[in-house]
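User: Hey, can you walk me through this one? I'd like to start with a helix.

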Amino acid sequence: MSDKSSTISAESTDSSEGDLASARVVKVAVIGTGLAGLASAYYLSTASNPRVQYNVHLFDENSSIGFDSSSVTATDGNGIERRIDVPMRSFAGGYYKRIISLYKSLGLQFHDAKFTYSFSELAEESGDARTYFLHGGRAGSFRQGGKPSLQSRLKWTSDFVAVVFWYIYFSLIAALSTPKGSVSCENEVSHARYEAPRKKLFGNGYGTLGTDDESSIEDCNREIESLQEFARRWHIPAWFIDRFVVTLFSAMSTCDADTIRNSPAADIIDYKRKTFGQAHYLLSNNSRSAVAALTAPLAKDNIHLGVAVKAMLSEGTTWTIRTLDEDYHHFTHVILATAPSRVCELHRPLVPVFRHVEANTVKVLVHTDDRVLNFLKSEDIRDLNLLKTSDGTEATHVLFPGIYQTTSPASLNGDGGEDYGGRISKSKVISESVFERVVRTNGLVDAVAKMRRKQGQHNVWVTGSWMWDGLVLLEGCVASAEAVCDGIRRKCGDDQVALPKRVI
Ligand SMILES: Cc1cc2nc3c(=O)[nH]c(=O)nc-3n(C[C@H](O)[C@H](O)[C@H](O)COP(=O)(O)OP(=O)(O)OC[C@H]3O[C@@H](n4cnc5c(N)ncnc54)[C@H](O)[C@@H]3O)c2cc1C
């Protein structure tokens, strides 16, 4: 087997201030090129300085960069060619501070998507869908779906008043109350620096990097209040939580309703509080603009695509990355930027950490079948159309005229055939992608806390959208990539050199 990097040793120690040629070179392997892997590679590559240079290699089993590997190009109903991000990844002001800071620093363009929404639900017995709410997004307008008959006008009006009342009440509670056992996202910032002792959140607190105190870790999760418990504590009716909060967050997190009801209330309240009145953005030039900017500092030869890592072998103080065809030698640090299941396959000592972490498989179809929205009156169709089913929430995004992206497609009327009960014909499907998405359960909260104490042990690091104290979204990729890169720099004695400012 060849040594792909024989020209650079893992760490050469001859350093001299002010002279890049004699900087110490630290070789780092990043496995996975989703946003977490890309951000890690970017931060380290651009952190090179007169004392330490990071020679970063990226690996992905996909034949293209993972962050953009499912995206497609298609022609819309007006004959215009469109690039379509799959999945469509939006980010909101307030919550996504790190992503926005990173994208701005890279000079990427993004725009306010001005999403409008429809909410519908599937009646269990009849299988019919009923639209119960329409929302104009930041434009602020909202109304109930359907038009009331004269007889039902009173009920229609009282339902509407109830929704408005509980929405205002819920927003106030979210602004003023902190769910029990909150794991504040701000904590990630202090964690990322590894400097001051961790803020005490639960009993024994967070400890410091390298601490392996399992009993204190167990204490962390005792008081985590679920969304359901939080709603009960504040007397918010179950119908409001189910129809609005659960439906929306089960679409965002692509998981079932029960998982959202039982997930940490702190995540949802934190998101709600931070994004209130904020815009939702999309990258103007798609994910590929981010991929181009994030990989720009890396040498082309350092990006290994279509290369599935099968094992990582420790050889003294360095790591060898083994793939089917090659061995890549002499890495001082390895960053695992994959789903937890793959982390465990590659690094068995982490199996106990991630034992209780769960993940879903999520299907995303890009297609041209307008029957998918037949359950809506044409005047009720919005940009994002959510359909509450017994399994979770189907979300159909009207991307361009005649092009739809449907996530978690449902079969209506109990007909579970190949075309989703006559809703999406196979012949109209442009692409079908399946993603593994980690679910934010208490098991994950616990695993993240445990993993923090194991970061950097044997120079192995873990990052991912799920490896932080918040919803499993893009912000987690950047937050955890920052934390890992700061940890590596600290281990390399390189933390005295300031990085460009990140969060604005
Ligand atoms: C349908 C859907 C919609 C979403 N919408 C949004 C949204 O609107 N906003 C938002 O913020 N977030 C959204 N998310 C979440 C967000 O997109 C993901 O959580 C995030 O992109 C995951 O990034 P990651 O880098 O952690 O992992 P991934 O993107 O999963 O990257 C892991 C990479 O590792 C590679 N890999 C795994 N094992 C190996 C191996 N052995 N060897 C080599 N390579 C390997 C994989 O090929 C993959 O490319 C959505 C997710 C889904 C599924």
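Analyst: Sure. Helix α7 bends by about 35° at V246; the bend is the angle between axes fitted to the seven residues ending there and the seven starting there. Helices here are DSSP runs (H or I, at least four residues), and strands are E runs of at least two, numbered from the N terminus.

User: Is this an experimental structure, and how are residues numbered?

Analyst: This is a predicted model: local features need pLDDT of at least 70, side-chain atom pairs count only at pLDDT 80 or more, and totals for chains, interfaces and linings use all residues. Residues are numbered from 1 along each chain as its sequence is written.

User: Which residues of α7 are buried?

Analyst: Among them are I241, F244, V245 and V246. Buried means 20 or more other C-beta atoms within 10 Å of a residue's own, with C-beta atoms placed from the backbone.

User: And what comes just after α7?

Analyst: T254, which takes a positive phi of about 45°.

User: Switching to the ligand: how many residues surround it?

Analyst: 34, and the closest are G32, G34, G66, P87 and S465. A residue counts if its C-beta atom, placed from the backbone, lies within 6 Å.

User: Which helix gives the most to that shell?

Analyst: α1, with 3 residues.

User: What about sheets?

Analyst: One open sheet has 3 strands in the order β5-β10-β6, with antiparallel pairing. Its edge strands are β5 (91-92) and β6 (110-112), each pairing on one side only. Strands pair if DSSP finds at least two bridges between them.

User: Which residue in β10 is the bridge partner of F91?

Analyst: Y281.

How values were computed: Buried ≥ 20, exposed ≤ 12 C-beta atoms within 10 Å, placed from the backbone.
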